Amino acid sequence: MTAPTPVDVRADFPGLANNWHYLDTAATAQKPQAVIDAIARGYGEDYATVHRGVYSRSADMTLAYEAARKRVADFIGAASDSEIVFTRGATEAINLVANSWGNGALGAGDRIMLSALEHHSNIVPWQMLAERVGAQIDVAPLTDDGKIDLDAMAVMLTDQHKLVALAHVSNVLGSLLDVKRAAELAHGVGAKLLLDGCQAVPRMAVDVQALDCDFYVFSAHKLYGPTGIGALWARADILEAMPPWEGGGSMIDKVSFERTTYAPPPQRFEAGTPHIVGALGLHAAIDYVSAIGLDAIHAQEAALVTWAREALSQFNSVRLFGPEDSAGIVSFAIEGVHPHDIGTILDEEGVAIRAGHHCAQPLMAALGVDATARASFGVYSNSDDVAALVQGIERVTRIFG
Ligand code: PMP
């Protein structure tokens, strides 16, 4: 298989040495040297705490930390950097919304709309909230090709729904949500729309204002940045009305034993010493992908998906899941072969895929399988990776007859 690879950045990624075919970017992305260097500088010659020090190194670090917040705000089209809360990742961001906004906004008899393809981190925090306040959860089904069925959701939505929480892109199927329509439907019944942007942010340009959502969350480590940091975006008026969910240093205005008052957002939601260097790494990651261009990354991953799906569909025993126009992610199964065996054999060929339920057990149930094999692409993926995947699958089918 020969194909042009307009984005050729493999040399930027030390984790991809020795021609390793890394097809597990949807789990976590490899890091470019620019991010590794930013982290090394952050913990090295630039290291100091933020928001407290009177000495110049700390003041500089505070500026760098806040510059990272501004970079995130610009990257996703936020109206202001004070709308960006740094979190440990998407999981913590969703838990923050569930605990802070959710505890106040939902009560007994209210409803939450999710979909059948959600990651556990966009299910379990809402179940915990629903149990706390006596709310109910509804689940929008999927179309035959694995997209969230918004026609069905439209029929299910009522004015009891206070929240619609959906994946912008599915981590298993790569299905892209029609966000405009989802926002119209959610807002039409007076519900807020939360988007889980984990798999979208690394693959396409995102503008939260144009999308017309109310909350947006993502993790830096899927965007070529460090683990342990991510972001919550929420519209300023929503964030300002939200109470803190964790107490501690940095999130206060004044503390006394009689009464404590809180800082405005985003500090109100960042108790304790933050992941300072993580923010610097995220800044470097955003600079890195922006220099390449999200449109170029999206186009290349889309082309790789098309090649991979075409090549895999030549095998009679391969079943492909998800839509043709999946964003960078191909899930499949081979009749009579456990996905873990596929993964193990591919590993012997230097091809790393993910096998399992991908933290989406309800989706596995909807697909009627226990697990799938998943190949997911990133900015460094190329046609050699697809060729190696296909060669590996050939071997799997030979071994299993
Ligand atoms: N949502 C989606 C769609 C994901 O792919 C993931 C990570 N697999 C998460 C949420 C959770 O992200 P994290 O574990 O970084 O908090």
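Select residues 21-389: over this stretch the chain is 39% helix and 18% strand, and its end C-alpha atoms are 8 Å apart. Helices (H or I, at least four residues) and strands (E, at least two) are DSSP runs, numbered from the N terminus. An unreviewed UniProt entry annotates residues 21-389 as "domain: Aminotransferase class V". UniProt positions are given in the numbering used here, feature names are shortened, and annotations may be inferred rather than shown by experiment.

Residues are numbered from 1 along each chain as its sequence is written. The model is predicted: local features need pLDDT of at least 70, side-chain atom pairs count only at pLDDT 80 or more, and totals for chains, interfaces and linings use all residues.

**Stop 1: the ligand**

Select the ligand and the residues around it. The ligand is surrounded by 13 residues, and the closest are G89, T91, H119, N171 and S219. Here a residue is near a molecule or strand if its C-beta atom, placed from the backbone, lies within 6 Å of it. Sorted by class, this shell has eight polar, four nonpolar and one charged residues. Ala, Val, Leu, Ile, Met, Phe, Trp, Tyr, Cys and Pro count as nonpolar, Asp, Glu, Lys and Arg as charged, and the others, Gly among them, as polar.

**Stop 2: strand β5**

Next, select residues 161-167, which form strand β5 and include L163. Seven of the seven residues in β5 are buried. A residue is buried if 20 or more other C-beta atoms lie within 10 Å of its own, exposed if 12 or fewer, and partly exposed in between, with C-beta atoms placed from the backbone. Why does L163 count as buried? Because L163 has 26 C-beta neighbours inside 10 Å.

Two strands pair if DSSP finds at least two bridges between them. Add strand β3 (residues 111-115), which pairs with β5 in the parallel sense over three bridges. I112 has L163 in β5 as its bridge partner. Then add strand β6 (residues 192-196), which is joined to β5 in the parallel sense by five bridges. A167 stands opposite D196 in β6.

Show L163 again with its contacts. Not counting residues up to four places away in sequence, L163 touches I112, A191, K192 and L194. Two residues are in contact if their C-beta atoms, placed from the backbone, lie within 7 Å.

Now add helix α6 (residues 179-188), which makes a right-handed β-α-β unit with β5 and β6. A crossover is right-handed if, with the strands pointing away from the viewer, the path from the first strand over the helix to the second runs clockwise.

**Stop 3: L117**

Select L117, in the loop between β3 and α4 (124-133). L117 is buried because it has 28 C-beta neighbours inside 10 Å. Leaving aside neighbours within four places in sequence, its contacts include L142, I148, A167, S170 and L363.

**Stop 4: V208**

Move to helix α7 (residues 208-211), where V208 is placed. V208 is buried, with 22 other C-beta atoms within 10 Å. Beyond its neighbours within four places in sequence, V208 is in contact with I76, G77, A78, C213, Y216 and W233. V189 lies 19 residues from V208 in sequence, and their C-alpha atoms are 20 Å apart.

**Stop 5: a hairpin**

Finish with strand β9 (residues 252-255) and strand β10 (residues 260-262), which pair in the antiparallel sense over three bridges. Which residue in β10 is the bridge partner of V255? The partner is T260. The hairpin from β9 to β10 runs through four residues.
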